[in-house]
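Thanks for coming. I will take a few minutes to go through one structure, so please have it open in front of you.

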Amino acid sequence: MPRFKAPEWMLAALAERREQHLFRSTHVVASPQTTRLKQNGQEYLAFCSNDYLGLANHPVLKQTMSDAALEYGVGSGASHLVCGHLDIHDALEHELCEWLGYERVLLFSTGYMANLAVISALASKQRPVLMDKLNHASLIDGARLSEAVFKRYLHNDTDSAKKHMQRLEMPGVLATDGIFSMDGDKAPLVELADLAQQQDWLLVVDDAHGLGCLGQHGKGCLELDGLSAEQVPFLMGTFGKAFGVAGAFVACSNDMADYLTQFARPYIYTTAMPPAVAATVLASLGLIRSAEGQQRRQMLSSHVQYLRQRAESWPYEIMNSDSAIQPLLIGSSETALAISDKLMQRGILCKAIRPPTVPPNTARLRLTLSADHSHKDVEYLCDTLDSIFNDDSK
């Protein structure tokens, strides 16, 4: 295979990332997505997956996908607006509407694409975008794509958001994560919804990390805060986390969905998700709404409480989070990598998260818990971290 020489500026950028302990690379997993993953022929107990309810390898979902592929084939063939909108897509959209209390749902192949679509379609040179400083990259990129005036308020600070609105003078789009992907904490959605209504701004909530695993019925952050579709006009959710599958959706009103259908380029010009994926998501939604789903949420909550209790004795801060995301703030990227390596040597997979994914000097271990973890699994993680921290202090 021919080797192409990269330009010097590219090589220099790579060298700088390596020197700063910020270089990233992929690692091949050779097993189903469960709490135990195989890499390089070795099995690890994993605490880095977003499969919060442990549904990614669920037998019902595997059988559903297999059956649906036999019925529908493996591709949608076209965008939703040409001939790619199958009856199984329509069934999933209607079921999500009924569950969440929205008039319409639009499906997307990824959460990144859904956020690009919504923000870039809603914002414009006449409608600014205001969002939390720690929002997901997809929301930020959607704002940049829109070419709108774009401002970010201090994390979870509604006073900061209000000051920005007053300076901007014209109403626009207010966007926030529901659960922040790297900090695990929850946005003050009631306050933001009130502020948006007072100032006549459109509120967009990305509840990728809350939907399915938070709330008594798994409806996420809106259920926790008692918010309605009228208070949150645009709700984005993904199917690759608690749902255990792939894809995403945006829930909104009929008129707003019609608007996105006309102006959201990532929706208009993308092939619809495979029908077997839509069928599997529909089956996953059934599990999430069932007694089994409630049991899995209770198990996940129990794990979170236990880990946080154990973390009180650790030399590093466990960040303020009631979600499945439990970040252990280390600070130094080099130290975070070293702790991650020590965990790996003891059979535990937990990745160090470093800048630019998180702000400078806030590298962390992003511990993620799953309903499929046993209590002994979480206990082993805590015991191992105790041992590492005790060894480091000697």
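I will start at the surface, then turn to a buried residue, and finish with one helix and the strands around it.

Before that, a caution: this is a predicted model.

First, the surface. W9, M10, L11, L14 and F23 make up a nonpolar patch there. Taken together, these residues have about 480 Å² of accessible area. W9 sits in helix α1, which runs over residues 8-19. Is W9 buried or exposed? Its relative accessibility is 63%, so W9 counts as exposed, the cut-off for that word being over 50%.

Now for the opposite case. Q39 lies in strand β1, residues 36-39. Its relative accessibility is 3%, and therefore Q39 counts as buried; here the limit is under 20%. Which residues is Q39 in contact with, once neighbours within four places in sequence are left aside? They are H27, V28, V29, Y44, M344, L349 and K351.

Next, helix α7, residues 189-199. The buried residues of α7 are L189, L192, A193, L195 and A196. Why do they count as being on the same side of α7? Because the arc they cover around the axis is only 165°. As for what they pack against, there are five elements to look up: strand β5 at 150-153, helix α6 at 158-168, strand β6 at 173-177, strand β7 at 202-206 and helix α8 at 221-225. Just after α7 comes D200, and this residue takes a positive phi of about 65°.

One of those packing partners, β6, deserves its own look. How many of its five residues are buried? The count is five of five, so to speak a strand that is mostly covered. Both faces of β6 are covered. On one side the buried residues are V173, A175 and D177, and on the other they are L174 and T176.

That leaves the pairing. Strand β4, residues 129-132, pairs with β6 in the parallel sense, over three bridges. If you want a place to find this pairing on the screen, V129 stands opposite V173 in β6. β6 also pairs with β7, again in the parallel sense, and here over five bridges. For that pairing, look at L174, whose bridge partner in β7 is L203.

To recap: an exposed W9 in α1, a buried Q39 in β1, and the strand β6 with both faces covered, paired with β4 and with β7. That is what I had.

Methods: Residues are numbered from 1 along each chain as its sequence is written. This is a predicted model: local features need pLDDT of at least 70, side-chain atom pairs count only at pLDDT 80 or more; totals for chains, interfaces and linings use all residues. Side-chain values use heavy atoms; hydrogens and water are left out. Patches are made of residues with over 30% relative accessible area and no salt bridge: like charges are joined within 9 Å, nonpolar side chains (Val, Leu, Ile, Met, Phe, Trp, Tyr) within 5 Å. Accessible areas come from the Shrake-Rupley method with a 1.4 Å probe; for residues, only the protein chains shown count as cover. A salt bridge is a side-chain nitrogen of Lys or Arg within 4 Å of a carboxyl oxygen of Asp or Glu. Helices (H or I, at least four residues) and strands (E, at least two) are DSSP runs, numbered from the N terminus. Buried means under 20% relative accessible area, exposed over 50%, partly exposed in between (1.4 Å probe, protein chains only). Contact means heavy atoms within 4.5 Å. The arc is that of the directions from the helix axis to the C-beta atoms. Two strands pair if DSSP finds at least two bridges between them.
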